[in-house]
Amino acid sequence: MSGGVIVWLVLFGVSTLLFFGIAAVVAVRGLGELRDLLRRVPAAKQEVDQR
Amino acid sequence: MNFGLLDWVVTASYLAVSVTLGIWVKKYVEDLAGYMVAGRRVKLSLGIATFVATELGTVTFVYFGELGYVAGFSGFIIGILAMVAYSTVGRSGFIIEGLRRRGVMTIPEFYEYRYSRKVRLVGGGLLFLGGVLNMGIFLKFDGIFLSEVMGFGPDALALVMVVMLLVVIAYTILGGMVSIVITDYMQFVVLAAGMLVATVATFLHVGPEQMSSAVNATLGEAGVDPIANPRFGWTFVVWILISSLAAGSLWQPGTSKALSSESPAVAKRMFFWTGLTFAGRAMIPMLWGVAALAYFGPGQPTASAMPKLMGTIVPSGFLGLLVAGLLAASMSTYSAYLLAWSSVLTRDVIACLRRTDFPEQTTVAMTRIAAGIIGVFLLVFGLWYAIPDTAFQYLYLTGTMYMSGALGCVAAGLYWRKANNVGAYAALILGAIAPAGFLLLEKSRDALPAWLHSITDVNVAGLLSFFLSALGIVVGSLATQRLSPPRVMAQESRQ
């Protein structure tokens with residue numbers, strides 16, 4: 001295996017870790033934010049309607 | 001092929017749940033005001049999920065897989081360039097912060113705000129043209145992926161395309177724009193899980209040593225060094241870096257996510273963290289493509305080699321999960337793109353032919369009709385058009401048709417007081433010339449005089465486009481300061 005291939009495979013490993021790491025955090029925190037959004041939207045909509 | 005009964009059940013169940021949830025969520029925010037309020041309240045994690053989901057459709061996997069198959073590891077440079085560009089936009093707030101502070105919802109809207117309604121018309125027209133041509137190959141590539149993974153083969157391509165189009169248009173009409181937030185989130189989670197399974201399956205069947213040997217035997221140094229690869233080279237690297245910076249800040253479907261965020265600070269953080277996923281977004285499917293080269297050898301149809309590998313090595317059940325995730329990916333991408341381009345056509349082109357905007361109900365009806373017409377265009381164009389070069393380069397070139405002019409107009413509009421209408425027209429038109437020239441002339445290269453041959457090199461055409469656009473805004477503006485005095489923007493902030 002050439003040096004160039006090893007460099008690309010290391011970069012692939014780092015990029016893949018970043019992708020799945022961020023995906024895991026976003027999956028957990030995003031669920032909470034989604035619940036919050038669904039709770040807040042009807043209230044905000046009511047506020048807009050009242051104006 | 002591994003796609004069996006269990007996979008059909010997983011795919012159908014996921015789609016049913018996804019569409020049902022999309023419709024259920026719609027009741028919360030089905031009117032325009034509700035949508036706008038919801039849009040302005042998107043927080044960081046949800047914003048990242050929707051942003052990545054919008055930029056990750058089945059077509060993304062197919063064109064990156066194709067690049068891995070034809071260019072080996074050297075295509076990985078694209079992921080690095082995209083990560084650097086998007087993270088830089090996020091870190092610096094380049095363009096997106098200025099647009100978000102001014103509260104615009106579409107890029108052409110900024111043209112009217114900074115230049116004039118006519119500049120908005122020209123810019124909107126180019127955005128629509130570039131966007132629809134760009135989207136023109138989505139359906140075909142999605143069809144290729146699904147017919148290969150599900151084991152139907154190339155003969156079923158047209159049928160799969162028609163079925164997909166019907167499902168997507170029905171989903172867009174039923175689910176509506178607002179449902180995209182929740183379905184994007186679900187898609188992101190399911191797709192990430194499917195990608196993890198597919199990557200593990202790839203390494204279990206094709207080891208790094210095998211991939212390295214195949215790339216070395218088939219492509220030699222060009223499979224590892226992007227500068228030595230005749231498809232790429234320095235022109236390509238510089239073009240893709242500039243183009244990714246422009247796409248990061250100005251590609252309507254993606255930028256609209258930042259414009260809908262809670263605040264300019266959240267928009268910047270959303271871009272930064274999303275940018276960090278962009279190397280993986282490109283490299284993961286490319287590695288599958290490299291594995292397809294090692295598994296099948298050269299000589300396969302380039303776009304269908306990777307999907308064929310997935311259909312062969314991913315175990316039954318997990319394959320259904322992957323297909324479901326990809327179908328959902330396509331649905332949310334199509335919805336976002338169809339609605340983005342149809343609303344650009346109605347709001348920024350047709351409405352700008354008049355002095356005043358259409359009433360809201362007329363705009364909505366026209367947008368729906370435009371979405372249907374674009375859908376039919378995708379089918380006809382996808383079946384008829386033979387893509388020049390790789391799909392990736394076609395997509396970047398059609399995107400460049402709009403983005404080069406937009407980069408000049410918006411960057412100068414935000415950061416240079418002397419930018420004026422004439423400069424904006426020059427930037428938009430000159431920026432579109434080189435990509436349009438490539439698309440029109442590429443098939444008749446041999447009949448062209450020698451001095452025009454360079455325009456039929458996709459990388460030269462792409463880079464030239466940004467150069468001409470920059471020249472247009474600078475020279476056009478400086479030469480006509482008295483004739484067309486620059487408009488001074490108000491400093492108000494509409495957060």
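**Close-ups of chain B in a predicted model**

**View 1. The largest nonpolar core.** Let's start on the inside of this predicted model. The largest nonpolar core has 183 residues. Which residues have the most contacts inside it? They are B:F141, B:F188, B:L250, B:A291, B:W341 and B:A424. If you're wondering which helix gives the most to this core, look at helix 17 of chain B, with 21 residues. As background, in soluble globular proteins nonpolar side chains tend to be buried together.

**View 2. Around B:F188.** Now zoom in on B:F188, one of the residues with the most contacts inside the largest core. Leave aside its neighbours within four places in sequence, and what does B:F188 touch? From chain B, it is in contact with B:A49, B:V52 and B:A53. From chain A, it is in contact with A:A23 and A:V26.

**View 3. Where chain B meets chain A.** Pull back a bit to see the two chains together. Here 37 residues of chain B are in contact with 29 residues of chain A. On the chain B side, helix 2 (32-39), helix 3 (44-54), helix 5 (77-92), helix 11 (180-205), helix 12 (208-219) and helix 15 (264-296) each supply at least two residues. Which of them brings the largest share? That's helix 15 of chain B, with 9 residues. Sort the residues on this side of chain B by type and you get 25 nonpolar, 7 polar and 5 charged.

**View 4. Helix 9 alongside helix 17.** This one shows a helix pair in chain B: helix 9 (residues 138-149) and helix 17 (residues 318-350). Their axes are 11 Å apart, and the helices pack at an angle of about 170°. Angles over 145 degrees count as roughly antiparallel, so that's how helix 9 and helix 17 of chain B run relative to each other. Helix 9 makes the contact with B:F138, B:D142, B:F145, B:L146 and B:V149, while helix 17 uses B:L319, B:V323, B:L326, B:S330 and B:Y334. By type, the contact residues split into 8 nonpolar, 1 polar and 1 charged.

**View 5. Chain B as a whole.** Finally, step back and take in the full chain. Chain B has 21 helices and 0 strands. Its C-alpha atoms fill a box of roughly 65 × 60 × 40 Å along the principal axes. Why can we call its radius of gyration a match for a compact globule? Because with 495 residues such a globule would have a value near 23 Å, and chain B has 22 Å, which agrees. Of those 495 residues, 61% count as buried. Among contacts with a separation of 6 or more in chain B, 85% come from residues 24 or more positions apart.

Methods: Residues numbered from 1 in each chain as written. Chains lettered and ligands numbered in written order. Predicted model: local features only at pLDDT ≥ 70, side-chain atom pairs only at ≥ 80, totals over all residues. Helix = DSSP H or I, 4+ residues; strand = E, 2+ residues; numbered from the N terminus. Rg over C-alpha atoms; globule rule 2.2 N^0.38 Å. Buried ≥ 20, exposed ≤ 12 C-beta atoms within 10 Å, placed from the backbone. Contact = placed C-beta atoms within 7 Å. Axes fitted to C-alpha atoms, helices over the stretch in contact; angles between N-to-C directions. Parallel < 35°, antiparallel > 145°, perpendicular 65-115°, else oblique. Nonpolar A, V, L, I, M, F, W, Y, C, P; charged D, E, K, R; others polar. Core = buried A, V, L, I, M, F, W, Y, C linked by C-beta atoms within 7 Å.
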